[in-house]
There are 2 protein chains.
Amino acid sequence: MKYSKATNYALHTLLFLVVAPEGATIGVQVLAQMQKISPTYLSKVLSKLVKANLIESTTGVNGGYKLLGPKEDVSFLKVIQAIEGTGSLFNCGLKHASPDCLIQQTMAESEMAMEQYLSQKKLVELLQNIDETGLAAIRNTFN
Amino acid sequence: MKYSKATNYALHTLLFLVVAPEGATIGVQVLAQMQKISPTYLSKVLSKLVKANLIESTTGVNGGYKLLGPKEDVSFLKVIQAIEGTGSLFNCGLKHASPDCLIQQTMAESEMAMEQYLSQKKLVELLQNIDETGLAAIRNTFN
DNA sequence: GTAGGGATACTCGGATAATGGGTGTCCGAGTTGACAAGG
DNA sequence: CCTTGTCAACTCGGACACCCATTATCCGAGTATCCCTAC
């Protein structure tokens with residue numbers, strides 16, 4: 001029961017894309033170098049974000065990734081679900097007498113409490129209380 | 001990012017112990033058979049619950065497991081943390097300029113939203129709206 | 001009747017697979033832009 | 001000037017390997033209860 005590293009990579013990459021100049025496409029090499037990971041692996045992670053319509057990829061020279069849609073719309077939940085999937089965290093595989101499991105039910109409710117928080121929290125909000133020098137730091141080191 | 005099966009086993013076992021007559025010790029064989037799993041593996045899972053002071057084990061003939069403390073105190077969170085551990089679900093392993101990660105911070109907040117729900121939710125509450133025949137069903141098939 | 005000694009029914013803990021998902025690498029394929037040569 | 005061809009910089013996708021936690025099994029050790037026997 002841990003988030004995968006891929007989720008971490010995705011969130012940090014997306015935070016960087018939010019901070020980046022609007023409409024600019026950033027190469028995966030740049031993104032990978034900042035997180036000290038392999039570019040090919042990061043591209044695999046980002047392809048999931050493309051499928052989820054969070055970002056857009058352009059091939060060829062000067063290609064790379066950029067946000068798809070307004071940056072204010074990027075919530076934590078969208079990113080996480082794009083990587084981890086939308087399935088329930090808890091699956092009771094037992095054969096019960098009644099069709100549904102009471103335990104499963106409350107576990108689902110607890111997940112909804114978390115998802116509700118994550119869906120309302122946008123990546124942009126992280127930048128509200130940061131001055132210009134702080135933004136520059138994020139652009140270099142992901143804060 | 002999924003709960004382990006062990007958590008499922010632990011929750012169902014504990015729900016059964018809550019329903020069981022007060023003070024009775026239940027053998028692991030009975031508990032395992034209902035969930036259709038191996039008794040030796042279930043005992044391994046339950047040993048974690050013993051370490052967490054949720055249940056108590058008595059060896060020897062007629063031995064088994066029983067609740068430790070009042071059944072009204074058994075929250076979902078206690079069981080889950082006994083199995084999954086208390087660590088944070090999200091760990092940003094990146095070297096940042098500033099000591100703490102903004103992303104990590106909000107992820108921790110989202111976890112707290114879920115944990116708050118799980119800590120307030122007790123296993124006993126699942127039985128409130130169930131009649132006596134329903135309780136009997138749980139005693140046989142874990143509902 | 002009472003004390004002692006098995007036999008039995010249990011849990012506990014370590015050692016040891018088997019399995020599957022996360023993590024990561026490699027490489028070929030396809031795409032785009034820049035540049036140069038040739039008409 | 002315009003076209004065309006080549007090259008380099010990219011992403012994409014599949015195939016593969018590795019590592020590690022989960023899941024599970026097996027077995028010996030310890031422990032408590034019951035019963036039976038002997039005195």
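Trainee: What relative accessible area does B:E84 have?

Mentor: In this predicted model, buried would require a relative accessible area under 20%, and exposed one over 50%. B:E84 is classed as partly exposed because its relative accessible area is 23%.

Trainee: With the side chain of which residue does the side chain of B:E84 make a polar contact?

Mentor: B:E84 belongs to helix α4 of chain B. Leaving aside residues up to four places away in sequence, B:E84 touches A:M1, B:Y3, B:S4 and B:T7. Of these, B:S4 is 80 residues away in sequence, with a C-alpha to C-alpha distance of 7.8 Å. The side-chain polar contact of B:E84, at 2.5 Å, is made with B:T7.

Trainee: Against which elements do the buried residues of α4(B) pack?

Mentor: Helix α4 of chain B spans residues 76-84, and its buried residues are B:F76, B:L77, B:V79, B:I80, B:A82 and B:I83. Their packing involves both protein chains: α5 (102-120) of chain A, and, within chain B, α1, α3 and α5 (102-120).

Trainee: Which residue takes a positive phi just after α4(B)?

Mentor: The helix runs over residues 76-84 of chain B. Immediately beyond α4(B), a phi of about 95° is found at B:G85.

Trainee: Is α2(B) roughly parallel or roughly perpendicular to α3(B)?

Mentor: The axes of α2(B), residues 28-35, and α3(B) approach within 9 Å and cross at roughly 110°. Therefore α2(B) and α3(B) are roughly perpendicular.

Trainee: How many nonpolar residues are there in the contact of α2(B) with α3(B)?

Mentor: From α2(B), the participants are B:V28, B:L31, B:A32 and B:Q35, and they meet B:P39, B:L42, B:S43 and B:L46 of α3(B). By class, no residue in this contact is charged, two are polar, and the number of nonpolar residues is six.

Trainee: Which elements give two or more residues to the surface near DNA strand D?

Mentor: DNA strand D is surrounded by 21 residues, the closest being A:V28, A:S57, A:Y65, B:K5 and B:S38. Polar backbone atoms of A:V28 and of B:K5 each lie 2.5 Å from a phosphate oxygen of the strand, while a polar side-chain atom of B:S38 is 2.9 Å from one. Both chains supply elements with two or more residues here: α1 (5-19) and α3 (39-51) of chain B, with β1 (55-58) and β2 (64-67) of chain A.

Trainee: What percentage of the atoms of DNA strand D within 4 Å of the protein belong to sugar or phosphate?

Mentor: On the protein side, the surface near DNA strand D comprises eleven polar, seven nonpolar and three charged residues. On the DNA side, bases supply the rest of the atoms within 4 Å, and the portion from sugar or phosphate is 67%.

Trainee: Which elements give two or more residues to the surface near DNA strand C?

Mentor: Among the 21 residues around DNA strand C, the nearest are A:K5, A:S38, B:V28, B:S57 and B:Y65. Phosphate oxygens of this strand lie 3.5 Å from a polar side-chain atom of A:S4, 3.4 Å from a polar backbone atom of A:A6 and 3.4 Å from a polar side-chain atom of A:Y9. The elements in question are β1 (55-58) and β2 (64-67) of chain B, and α1 (5-19) and α3 (39-51) of chain A.

Trainee: What percentage of the atoms of DNA strand C within 4 Å of the protein belong to sugar or phosphate?

Mentor: The surface near DNA strand C has three charged, seven nonpolar and eleven polar residues. Of the strand atoms within 4 Å of the protein, those not in bases belong to sugar or phosphate and amount to 69%.

Conventions: Residues numbered from 1 in each chain as written. Chains lettered and ligands numbered in written order. Predicted model: local features only at pLDDT ≥ 70, side-chain atom pairs only at ≥ 80, totals over all residues. Heavy atoms only, no water. Near = heavy atom within 4 Å. Polar contact = N/O pair within 3.5 Å; in protein donor to acceptor, adjacent residues only side chain to side chain. Helix = DSSP H or I, 4+ residues; strand = E, 2+ residues; numbered from the N terminus. Nonpolar A, V, L, I, M, F, W, Y, C, P; charged D, E, K, R; others polar. Axes fitted to C-alpha atoms, helices over the stretch in contact; angles between N-to-C directions. Parallel < 35°, antiparallel > 145°, perpendicular 65-115°, else oblique. Contact = heavy atoms within 4.5 Å. Buried < 20%, exposed > 50% of the residue type's maximum accessible area, 1.4 Å probe, protein only.
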